[in-house]
Protein chains: 2
Amino acid sequence: MTASAARADTRISPRKRAGNGAARRIDADEIGLDALVGHAGYAVRRFQIWIFQDFVKTLGDVDIRPTQYSVLTVIGANPGLSQMAVAKRLGIERARLVHLLDSLEQRKLVKRVKSKADRRSHALHLTTQGETALAKFKRLAAEHERHVEAKIGKENRERLLQILAGFT
Amino acid sequence: MTASAARADTRISPRKRAGNGAARRIDADEIGLDALVGHAGYAVRRFQIWIFQDFVKTLGDVDIRPTQYSVLTVIGANPGLSQMAVAKRLGIERARLVHLLDSLEQRKLVKRVKSKADRRSHALHLTTQGETALAKFKRLAAEHERHVEAKIGKENRERLLQILAGFT
DNA sequence: GAAGATTGTTGTTGACGACAACAATTGTCA
DNA sequence: TGACAATTGTTGTCGTCAACAACAATCTTC
């Protein structure tokens, strides 16, 4: 590929010409993205930021972040799992999970039970307090999910989940 | 919502029962996620991690990360933009953009030109070297995009871009 | 001309992914 | 059985990234 062939994508958009010294004020929404549009990664990143912020805001009162929620959900659905198993399932490094569990255990939502079968590992359980708390978190998470629906549309959300089902 | 109603989602899956002391070995792919499946944010996060890693790997030889690529693309398509304009357009904090541009300027891909019109701001331009480099980056990014197609399917990728078009 | 807003910069904080090293324990296999 | 390799939880470091806060220089507005 030659430089002139590349220049076809790189050429500045015709509707403006800022020049070297900057001329007039330019709004963010009139700046061309060119090749950036059409990149799945960029769209996904922006969407991920939006969805993340809405989750944090919606679960703000209970002070639960997405990763913490995923850990609680998996433990709640599979009591007795080891830290390794949870980390593998969620794609979290086991080193990172240590701090997450430290925090959740400090808040009395999770407890680490020394495993009889394998004395290296811990069996993870929700506390009673953790179970009732998780129930509340799930209600708030469902509310957040409705925000997503309102943003991209009900059918689009379901289609999205279907497309990305292989990554869960 | 009562606690018993919540327990319906929280109940452990019937096909295993780890108990409190851990019993047999459990593979990661047989751990139930329950409510986590059906959360758009979780699926998007996992997908975003995958796509990010593939981008970094595919553009590994030229040592360009997704954010750097987006900055170069926007500057290439809109020469003369201020740092504020680029930051706003890409949803990056202007404080963060400073370091990104420091790195790109050090690699002689971008130059900050003192603006005549507004002496507070810098007009951003690609260097000649930066333009030819960006052309190569775009070829590699296109290759990455083909990886995405191979992963989720051509039509699913296009559908995804369509659904998320509002966030770009 | 004074007051307020904007731009680029520096710094801090915290979440997060990646990696390396370590002790305790378990598994393997010669 | 005993030596060696693998696993588990932990600690630590490093770099990326979002979110703030503060600041000097400059522009805008009245």
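Which oxygen of DNA strand D lies 3.3 Å from a polar side-chain atom of Arg65(B)? I looked, and the partner atom is a sugar or linking oxygen.

**Ground rules**

I am working on a predicted model, where local features need pLDDT of at least 70, side-chain atom pairs count only at pLDDT 80 or more, and totals for chains, interfaces and linings use all residues. Residues are numbered from 1 along each chain as its sequence is written, chains are lettered from A and ligands numbered from 1 in the order in which they are written, and side-chain values use heavy atoms, with hydrogens and water left out.

**Strand D**

I stayed with DNA strand D and pulled its polar contacts (a pair of N or O atoms within 3.5 Å; within protein, one must be able to donate a hydrogen and the other to accept it, and residues adjacent in sequence count only if both atoms are side-chain atoms). Arg120(A) has a polar side-chain atom 2.6 Å from a base oxygen of this strand. Arg94(A) puts a side-chain N or O atom 2.9 Å from a base nitrogen. Then I checked which elements give two or more residues to the surface near DNA strand D: in chain A they are helix H2 (40-58), helix H4 (83-90) and helix H5 (94-106), and in chain B helix H5 (94-106). My helices (H or I, at least four residues) and strands (E, at least two) are DSSP runs, numbered from the N terminus.

For "near" I use a heavy atom of the residue within 4 Å of the molecule or strand. There are 23 residues around DNA strand D, and Gln53(A), Met84(A), Arg120(A), Glu93(B) and Arg96(B) come nearest. By class I get 5 nonpolar, 6 polar and 12 charged residues on that surface. My classes: Ala, Val, Leu, Ile, Met, Phe, Trp, Tyr, Cys and Pro are nonpolar, Asp, Glu, Lys and Arg are charged, and the others, Gly among them, are polar. Of the strand D atoms within 4 Å of the protein, 67% belong to sugar or phosphate and the rest to bases.

**Strand C**

Next I turned to DNA strand C, which 23 residues surround; the closest are Glu93(A), Arg96(A), Gln53(B), Met84(B) and Arg120(B). Sugar and phosphate make up 67% of the strand C atoms that come within 4 Å of the protein. Glu93(A) has a side-chain N or O atom 3.1 Å from a base nitrogen of strand C. For Arg94(B), the side-chain atom is 3.0 Å from a base nitrogen. With Met84(B) I found a backbone N or O atom 2.6 Å from a phosphate oxygen of the strand. The surface near strand C comes out at 5 nonpolar, 6 polar and 12 charged residues.

**Salt bridges**

How many salt bridges does a search of the whole structure find? I count 16 over all chains, taking a side-chain nitrogen of Lys or Arg within 4 Å of a carboxyl oxygen of Asp or Glu.

Arg107(A) and Asp63(A) meet in one of them, at 3.9 Å from N to O. Arg107(A) sits in the loop between H5 and strand S1 (110-114) of chain A, Asp63(A) in the loop between H2 and helix H3 (66-77), and they are 44 residues apart. I note Arg107(A) as partly exposed, with a relative accessible area of 29%. My cut-offs here: buried is under 20% relative accessible area, exposed over 50%, partly exposed in between (1.4 Å probe, protein chains only).

Glu145(A) and Arg157(A) pair too, with their closest N and O atoms 3.2 Å apart. Glu145(A) lies in helix H6 (residues 128-152) and Arg157(A) in helix H7 (residues 154-163) of chain A, so this bridge ties together parts 12 residues apart in sequence. Glu145(A) is buried at 7%, and Arg157(A) counts as buried at 10%. Bridges with shared partners join Glu145(A), Glu149(A), Lys154(A), Arg157(A) and Glu158(A) into one network.

In chain B, I found Glu105(B) bridged to Arg112(B) at 3.0 Å; Glu105(B) is partly exposed at 28%.

**Helix H7 of chain B**

I listed the buried residues of helix H7 (residues 154-163) of chain B: Asn156(B), Arg157(B), Leu160(B), Leu161(B) and Ile163(B). They cover an arc of only 165 degrees around the axis, so they are on the same side of H7(B); the arc is that of the directions from the helix axis to the C-beta atoms. They pack against H2, H6 and H7 of chain A together with H2 and helix H6 (128-152) of chain B.

Technical notes:
Contact = heavy atoms within 4.5 Å.
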